[in-house]
Amino acid sequence: MLQVKHLSKNYSSGSQVYPVLKDVSLKVEKGEFVAVMGPSGSGKTTLLNCISCFIPHEQGEILLAGKDISHLTGTALARVRNRQMGFVFQDFMLLDGLTVFENICLPQIIAHRPVVQMEEKARNICRLFGIGKIMEKYPAEISGGEKQRTAVARALMNQPCVILADEPTGNLDSKSCKAVIDAFMQAKTELGATIFMVTHDSFAASFCDRVIVLKDGAIYGELRRQGDRRAFMDQLLDTIRTLSDDGRPAAMEPGLPCDSGERAEGAHGMFHTAALPAAYENDTRNIRNEDTRR
Ligand SMILES: Nc1ncnc2c1ncn2[C@@H]1O[C@H](COP(=O)(O)OP(=O)(O)OP(=O)(O)O)[C@@H](O)[C@H]1O
Ligand SMILES: [Mg+2]
(Lines give C-alpha, C1' and ligand atoms only; values in the text may rest on other atoms or scores of the structure.)
(Ligands and ions follow the chains in the order given, each with its own letter.)
Protein backbone atom coordinates (compact mmCIF):
# COMPACT_ATOMS: atom_id res chain seq x y z
CA MET A 1 0.00 0.00 0.00
CA LEU A 2 2.76 2.41 1.00
CA GLN A 3 6.34 1.94 -0.07
CA VAL A 4 9.32 4.19 0.48
CA LYS A 5 12.38 3.37 -1.65
CA HIS A 6 15.85 4.71 -0.93
CA LEU A 7 14.60 8.02 0.44
CA SER A 8 17.23 10.65 1.21
CA LYS A 9 16.55 14.11 2.55
CA ASN A 10 18.97 16.86 3.51
CA TYR A 11 18.49 20.17 5.28
CA SER A 12 20.95 22.92 4.54
CA SER A 13 22.03 25.87 6.58
CA GLY A 14 24.30 28.29 4.72
CA SER A 15 26.87 26.17 2.92
CA GLN A 16 26.41 23.26 5.36
CA VAL A 17 24.29 20.31 4.29
CA TYR A 18 22.82 18.06 7.01
CA PRO A 19 21.61 14.64 5.92
CA VAL A 20 18.40 13.92 7.86
CA LEU A 21 17.08 10.81 6.09
CA LYS A 22 19.67 8.41 4.72
CA ASP A 23 18.53 5.83 2.22
CA VAL A 24 15.31 4.94 4.04
CA SER A 25 13.31 2.07 2.55
CA LEU A 26 10.16 0.58 4.05
CA LYS A 27 6.92 -1.06 3.08
CA VAL A 28 3.51 -0.97 4.76
CA GLU A 29 0.94 -3.54 3.67
CA LYS A 30 -2.75 -2.78 3.21
CA GLY A 31 -4.57 -2.90 6.55
CA GLU A 32 -1.35 -2.87 8.55
CA PHE A 33 -0.99 -0.67 11.65
CA VAL A 34 2.66 0.39 11.80
CA ALA A 35 4.44 2.69 14.23
CA VAL A 36 7.69 4.56 13.75
CA MET A 37 9.70 5.14 16.91
CA GLY A 38 13.11 6.60 17.57
CA PRO A 39 14.96 9.26 19.52
CA SER A 40 14.07 12.91 19.17
CA GLY A 41 15.69 14.35 16.05
CA SER A 42 16.02 10.97 14.33
CA GLY A 43 13.91 12.19 11.41
CA LYS A 44 10.43 10.77 12.12
CA THR A 45 8.47 13.94 11.34
CA THR A 46 10.68 14.61 8.32
CA LEU A 47 9.89 11.10 7.05
CA LEU A 48 6.16 11.72 7.46
CA ASN A 49 6.44 15.11 5.74
CA CYS A 50 8.31 13.54 2.82
CA ILE A 51 5.77 10.72 2.49
CA SER A 52 2.91 13.21 2.35
CA CYS A 53 5.00 15.37 -0.03
CA PHE A 54 4.64 18.41 2.22
CA ILE A 55 8.39 18.81 1.79
CA PRO A 56 10.61 17.78 -1.11
CA HIS A 57 13.35 15.17 -0.87
CA GLU A 58 16.60 14.71 -2.77
CA GLN A 59 16.41 11.07 -3.72
CA GLY A 60 14.07 8.14 -3.64
CA GLU A 61 10.51 7.19 -4.42
CA ILE A 62 7.24 7.31 -2.49
CA LEU A 63 4.83 4.74 -3.85
CA LEU A 64 1.19 4.90 -2.87
CA ALA A 65 -0.86 1.93 -4.05
CA GLY A 66 1.97 1.21 -6.49
CA LYS A 67 2.21 4.72 -7.98
CA ASP A 68 5.16 7.05 -7.44
CA ILE A 69 3.72 10.27 -6.02
CA SER A 70 7.01 12.00 -5.31
CA HIS A 71 7.08 13.96 -8.57
CA LEU A 72 3.47 15.09 -8.47
CA THR A 73 2.73 18.78 -8.05
CA GLY A 74 -0.26 21.15 -7.91
CA THR A 75 -3.67 19.65 -8.54
CA ALA A 76 -2.46 16.10 -9.06
CA LEU A 77 -0.75 16.11 -5.65
CA ALA A 78 -3.71 17.89 -4.04
CA ARG A 79 -6.05 15.17 -5.31
CA VAL A 80 -3.84 12.34 -4.06
CA ARG A 81 -3.58 13.97 -0.64
CA ASN A 82 -7.28 14.67 -0.46
CA ARG A 83 -8.50 11.30 -1.69
CA GLN A 84 -5.87 8.78 -0.72
CA MET A 85 -4.29 10.14 2.43
CA GLY A 86 -5.69 11.03 5.82
CA PHE A 87 -3.73 13.15 8.28
CA VAL A 88 -3.87 13.20 12.06
CA PHE A 89 -1.69 15.90 13.53
CA GLN A 90 -0.30 16.12 17.01
CA ASP A 91 -2.15 19.34 17.78
CA PHE A 92 -5.36 18.02 16.20
CA MET A 93 -5.44 20.97 13.75
CA LEU A 94 -9.19 21.32 13.88
CA LEU A 95 -10.41 24.59 12.42
CA ASP A 96 -11.72 26.65 15.35
CA GLY A 97 -14.46 28.43 13.40
CA LEU A 98 -16.07 25.18 12.26
CA THR A 99 -18.13 22.73 14.32
CA VAL A 100 -16.99 19.14 14.88
CA PHE A 101 -19.38 18.07 12.11
CA GLU A 102 -18.08 20.70 9.68
CA ASN A 103 -14.48 19.84 10.48
CA ILE A 104 -15.18 16.21 9.71
CA CYS A 105 -16.88 17.17 6.42
CA LEU A 106 -13.91 19.26 5.26
CA PRO A 107 -12.10 16.62 3.16
CA GLN A 108 -15.36 15.89 1.34
CA ILE A 109 -16.05 19.59 0.78
CA ILE A 110 -12.60 19.92 -0.78
CA ALA A 111 -13.39 16.90 -2.97
CA HIS A 112 -16.74 18.50 -4.02
CA ARG A 113 -18.75 15.51 -2.82
CA PRO A 114 -22.58 15.76 -2.90
CA VAL A 115 -23.86 17.33 0.33
CA VAL A 116 -26.48 14.71 1.23
CA GLN A 117 -24.07 11.78 0.95
CA MET A 118 -21.37 13.72 2.74
CA GLU A 119 -23.62 14.54 5.68
CA GLU A 120 -24.81 10.98 5.99
CA LYS A 121 -21.27 9.71 5.93
CA ALA A 122 -20.15 12.26 8.53
CA ARG A 123 -23.04 11.30 10.83
CA ASN A 124 -22.16 7.60 10.49
CA ILE A 125 -18.51 8.18 11.19
CA CYS A 126 -19.38 10.38 14.21
CA ARG A 127 -21.51 7.54 15.59
CA LEU A 128 -18.70 5.05 14.94
CA PHE A 129 -16.30 7.13 17.01
CA GLY A 130 -18.77 8.02 19.75
CA ILE A 131 -18.84 11.74 18.99
CA GLY A 132 -22.42 11.93 17.72
CA LYS A 133 -23.49 14.02 20.69
CA ILE A 134 -20.87 16.72 20.18
CA MET A 135 -21.26 17.19 16.43
CA GLU A 136 -22.61 20.73 16.74
CA LYS A 137 -19.97 21.88 19.22
CA TYR A 138 -16.89 23.93 18.34
CA PRO A 139 -13.34 22.64 19.05
CA ALA A 140 -12.99 25.02 22.01
CA GLU A 141 -15.97 23.33 23.65
CA ILE A 142 -14.78 19.70 23.56
CA SER A 143 -12.18 17.64 25.45
CA GLY A 144 -8.72 16.65 24.19
CA GLY A 145 -9.80 13.07 23.60
CA GLU A 146 -12.90 14.24 21.71
CA LYS A 147 -10.74 16.54 19.59
CA GLN A 148 -8.45 13.70 18.78
CA ARG A 149 -11.33 11.39 17.84
CA THR A 150 -12.70 14.20 15.65
CA ALA A 151 -9.30 14.46 13.96
CA VAL A 152 -9.24 10.70 13.35
CA ALA A 153 -12.81 10.81 12.01
CA ARG A 154 -11.84 13.64 9.64
CA ALA A 155 -8.81 11.70 8.45
CA LEU A 156 -11.10 8.80 7.53
CA MET A 157 -13.83 10.76 5.73
CA ASN A 158 -12.52 10.14 2.21
CA GLN A 159 -11.63 6.54 3.01
CA PRO A 160 -7.92 7.13 2.43
CA CYS A 161 -5.58 4.29 1.52
CA VAL A 162 -3.23 5.48 4.23
CA ILE A 163 -3.59 7.38 7.49
CA LEU A 164 -0.47 9.30 8.48
CA ALA A 165 -0.32 10.34 12.11
CA ASP A 166 2.42 12.32 13.88
CA GLU A 167 2.44 11.66 17.61
CA PRO A 168 -1.36 11.50 17.73
CA THR A 169 -1.33 10.58 21.42
CA GLY A 170 1.42 13.05 22.30
CA ASN A 171 -0.37 15.31 24.74
CA LEU A 172 -3.13 13.03 25.89
CA ASP A 173 -3.89 11.39 29.23
CA SER A 174 -3.97 7.60 29.24
CA LYS A 175 -7.74 7.39 28.76
CA SER A 176 -7.73 9.71 25.75
CA CYS A 177 -4.65 7.97 24.39
CA LYS A 178 -6.49 4.65 24.52
CA ALA A 179 -9.50 6.29 22.80
CA VAL A 180 -7.28 7.34 19.89
CA ILE A 181 -5.71 3.90 19.61
CA ASP A 182 -9.18 2.33 19.75
CA ALA A 183 -10.25 4.66 16.95
CA PHE A 184 -7.29 3.53 14.83
CA MET A 185 -7.94 -0.14 15.61
CA GLN A 186 -11.57 0.39 14.65
CA ALA A 187 -10.52 2.09 11.41
CA LYS A 188 -8.25 -0.84 10.69
CA THR A 189 -10.69 -3.63 11.44
CA GLU A 190 -13.94 -2.03 10.25
CA LEU A 191 -12.73 0.14 7.38
CA GLY A 192 -9.57 -1.73 6.33
CA ALA A 193 -7.45 1.38 6.93
CA THR A 194 -3.66 1.29 6.70
CA ILE A 195 -2.09 3.32 9.50
CA PHE A 196 1.41 4.77 9.73
CA MET A 197 1.93 6.41 13.10
CA VAL A 198 4.96 8.24 14.47
CA THR A 199 5.08 7.96 18.24
CA HIS A 200 7.29 8.22 21.32
CA ASP A 201 4.72 6.29 23.28
CA SER A 202 5.53 2.60 23.79
CA PHE A 203 2.03 2.00 25.13
CA ALA A 204 0.45 3.32 21.91
CA ALA A 205 3.00 1.49 19.75
CA SER A 206 2.36 -1.80 21.54
CA PHE A 207 -1.04 -2.01 19.82
CA CYS A 208 0.61 -1.95 16.38
CA ASP A 209 1.35 -4.93 14.18
CA ARG A 210 4.91 -3.74 13.64
CA VAL A 211 7.24 -1.03 14.90
CA ILE A 212 9.95 0.46 12.70
CA VAL A 213 12.81 2.02 14.65
CA LEU A 214 14.56 5.04 13.18
CA LYS A 215 17.94 6.23 14.40
CA ASP A 216 20.05 9.07 12.97
CA GLY A 217 17.90 9.19 9.87
CA ALA A 218 18.25 5.51 8.99
CA ILE A 219 16.19 2.40 9.72
CA TYR A 220 17.74 0.80 12.81
CA GLY A 221 15.50 -2.23 12.80
CA GLU A 222 11.94 -3.35 13.23
CA LEU A 223 9.95 -5.34 15.74
CA ARG A 224 6.92 -7.38 14.90
CA ARG A 225 4.27 -7.98 17.53
CA GLN A 226 3.83 -11.62 18.27
CA GLY A 227 1.22 -12.45 20.84
CA ASP A 228 1.06 -10.61 24.12
CA ARG A 229 0.78 -6.80 23.93
CA ARG A 230 2.40 -6.23 27.32
CA ALA A 231 5.44 -8.30 26.38
CA PHE A 232 5.65 -6.32 23.14
CA MET A 233 5.55 -3.07 25.09
CA ASP A 234 8.43 -4.25 27.33
CA GLN A 235 10.38 -5.20 24.25
CA LEU A 236 9.77 -1.73 22.78
CA LEU A 237 10.82 0.00 25.99
CA ASP A 238 14.04 -2.02 26.06
CA THR A 239 14.81 -1.21 22.43
CA ILE A 240 14.18 2.50 22.86
CA ARG A 241 16.25 2.54 26.05
CA THR A 242 19.26 1.10 24.25
CA LEU A 243 18.94 3.80 21.60
CA SER A 244 19.17 6.76 23.95
CA ASP A 245 22.61 7.95 24.96
CA ASP A 246 22.03 8.51 28.66
CA GLY A 247 20.17 5.28 29.26
CA ARG A 248 16.79 6.93 29.79
CA PRO A 249 14.04 5.64 27.54
CA ALA A 250 13.48 8.09 24.71
CA ALA A 251 9.80 7.33 25.16
CA MET A 252 9.97 9.43 28.34
CA GLU A 253 11.24 12.47 26.47
CA PRO A 254 8.74 13.39 23.81
CA GLY A 255 9.62 16.48 21.84
CA LEU A 256 13.09 17.04 23.31
CA PRO A 257 15.33 18.26 20.51
CA CYS A 258 18.57 16.39 19.93
CA ASP A 259 20.68 19.27 18.72
CA SER A 260 18.88 22.59 18.56
CA GLY A 261 15.67 23.32 20.39
CA GLU A 262 14.91 26.16 18.10
CA ARG A 263 15.21 24.09 14.99
CA ALA A 264 13.31 21.09 16.28
CA GLU A 265 10.58 23.39 17.57
CA GLY A 266 10.57 25.17 14.25
CA ALA A 267 10.09 21.89 12.48
CA HIS A 268 7.13 21.04 14.66
CA GLY A 269 5.70 24.50 14.27
CA MET A 270 6.03 24.33 10.54
CA PHE A 271 4.32 20.98 10.30
CA HIS A 272 1.74 21.08 13.05
CA THR A 273 0.56 24.64 13.21
CA ALA A 274 0.85 25.89 9.68
CA ALA A 275 1.00 23.00 7.27
CA LEU A 276 -2.48 21.57 7.58
CA PRO A 277 -4.61 24.68 7.05
CA ALA A 278 -2.12 25.82 4.40
CA ALA A 279 -2.23 22.41 2.73
CA TYR A 280 -6.03 22.35 2.81
CA GLU A 281 -6.13 25.87 1.44
CA ASN A 282 -3.65 25.05 -1.32
CA ASP A 283 -5.35 21.78 -2.16
CA THR A 284 -8.75 23.51 -2.32
CA ARG A 285 -7.31 26.27 -4.50
CA ASN A 286 -5.60 23.79 -6.81
CA ILE A 287 -8.68 21.64 -7.22
CA ARG A 288 -10.89 24.70 -7.69
CA ASN A 289 -8.54 26.19 -10.31
CA GLU A 290 -8.61 23.01 -12.28
CA ASP A 291 -12.41 22.81 -12.08
CA THR A 292 -12.68 26.40 -13.32
CA ARG A 293 -10.42 25.64 -16.27
CA ARG A 294 -12.61 22.76 -17.40
N1 LIG B 1 13.18 22.86 8.59
C2 LIG B 1 14.32 22.38 9.09
N3 LIG B 1 15.50 22.98 8.83
C4 LIG B 1 16.65 22.49 9.30
N5 LIG B 1 16.74 21.38 10.06
C6 LIG B 1 15.60 20.74 10.38
C7 LIG B 1 14.33 21.21 9.90
N8 LIG B 1 13.38 20.36 10.35
C9 LIG B 1 14.01 19.42 11.09
N10 LIG B 1 15.35 19.65 11.10
C11 LIG B 1 16.35 18.81 11.77
O12 LIG B 1 16.25 17.50 11.24
C13 LIG B 1 16.39 16.53 12.24
C14 LIG B 1 15.18 15.63 12.26
O15 LIG B 1 14.04 16.38 12.66
P16 LIG B 1 12.61 15.73 12.85
O17 LIG B 1 11.67 16.83 13.22
O18 LIG B 1 12.28 14.92 11.65
O19 LIG B 1 12.89 14.76 14.08
P20 LIG B 1 11.89 13.84 14.90
O21 LIG B 1 12.44 12.46 14.89
O22 LIG B 1 10.49 14.03 14.42
O23 LIG B 1 12.07 14.43 16.37
P24 LIG B 1 10.98 14.59 17.56
O25 LIG B 1 10.84 13.24 18.15
O26 LIG B 1 11.64 15.55 18.48
O27 LIG B 1 9.71 15.13 16.98
C28 LIG B 1 16.61 17.28 13.55
O29 LIG B 1 17.99 17.33 13.79
C30 LIG B 1 16.07 18.67 13.27
O31 LIG B 1 16.73 19.65 14.02
MG1 LIG C 1 8.74 14.86 15.23
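Helix pairs whose axes meet at angles under 35 degrees count as roughly parallel. Keep that cut-off in mind for this predicted model, where helix H3 packs against helix H5 at an angle of about 30 degrees, so H3 and H5 are roughly parallel to each other. The chain has 294 residues, 41% of them buried, and it holds 9 helices and 10 strands.

**Overall picture**

- Among the contacts in the chain with a separation of 6 or more, 72% join residues that are 24 or more positions apart.
- In soluble globular proteins, nonpolar side chains tend to be buried together.
- The largest nonpolar core here has 75 residues, and those touching the most other members are Val152, Ile163, Leu164, Ile195 and Phe196.
- Helix H6 supplies the largest share of this core, with 7 residues.

**H3 against H5**

- The axes of H3 and H5 lie 7 Å apart, and their crossing is right-handed.
- On the H3 side you will find Val100, Asn103, Ile104, Leu106 and Pro107, which meet Thr150, Ala153 and Arg154 of H5.
- Sorted by class, this contact of H3 with H5 has 5 nonpolar, 2 polar and 1 charged residues.

**H5 against H6**

- Helix H5 spans residues 144-156 and helix H6 spans residues 174-191; the two pack at about 20 degrees, with axes 8 Å apart.
- That angle is under the 35 degrees cut-off, so H5 is roughly parallel to H6.
- The crossing of H5 and H6 is right-handed.
- From H5, the contact draws on Gly144, Gly145, Gln148, Arg149, Val152 and Leu156, while H6 brings Lys175, Ser176, Ala179, Val180, Ala183, Phe184, Ala187 and Leu191.
- The residues where H5 meets H6 divide into 8 nonpolar, 4 polar and 2 charged.
- Val152 is worth a second look: Val152 belongs to the H5 side of this contact and is also one of the core residues that touch the most other members.

**Two residues to inspect**

- Ile195, another of those core residues, is in contact with Phe33, Val34, Ile163, Ala165, Phe184, Ala187 and Lys188, leaving aside neighbours within four places in sequence.
- Phe184 and Ala187, both among the contacts of Ile195, also take part in the H6 side of the contact with H5.
- Phe101 sits in helix H3, which covers residues 100-110.
- With 19 other C-beta atoms within 10 Å, Phe101 is partly exposed, because a residue needs 20 or more to be buried.
- Beyond four places in sequence, Phe101 is in contact with Ala122, Cys126, Met135 and Glu136.
- Phe101 and Glu119 are 18 residues apart along the chain, and their C-alpha atoms are separated by 8.5 Å.

Definitions and conventions:
Residues are numbered from 1 along each chain as its sequence is written. Chains are lettered from A and ligands numbered from 1 in the order in which they are written. This is a predicted model: local features need pLDDT of at least 70, side-chain atom pairs count only at pLDDT 80 or more; totals for chains, interfaces and linings use all residues. Helices (H or I, at least four residues) and strands (E, at least two) are DSSP runs, numbered from the N terminus. A residue is buried if 20 or more other C-beta atoms lie within 10 Å of its own, exposed if 12 or fewer, and partly exposed in between; C-beta atoms are placed from the backbone. Two residues are in contact if their C-beta atoms, placed from the backbone, lie within 7 Å. Axes are lines fitted to C-alpha atoms, for helices over the stretch in contact, and angles run from 0 to 180 degrees between N-to-C directions. Angles under 35 degrees count as roughly parallel, over 145 as roughly antiparallel, 65 to 115 as roughly perpendicular and the rest as oblique. A crossing is left-handed if the near helix is turned anticlockwise from the far one by less than a right angle, and right-handed if clockwise. Ala, Val, Leu, Ile, Met, Phe, Trp, Tyr, Cys and Pro count as nonpolar, Asp, Glu, Lys and Arg as charged, and the others, Gly among them, as polar. A nonpolar core is a set of buried Ala, Val, Leu, Ile, Met, Phe, Trp, Tyr and Cys residues joined through C-beta atoms within 7 Å.
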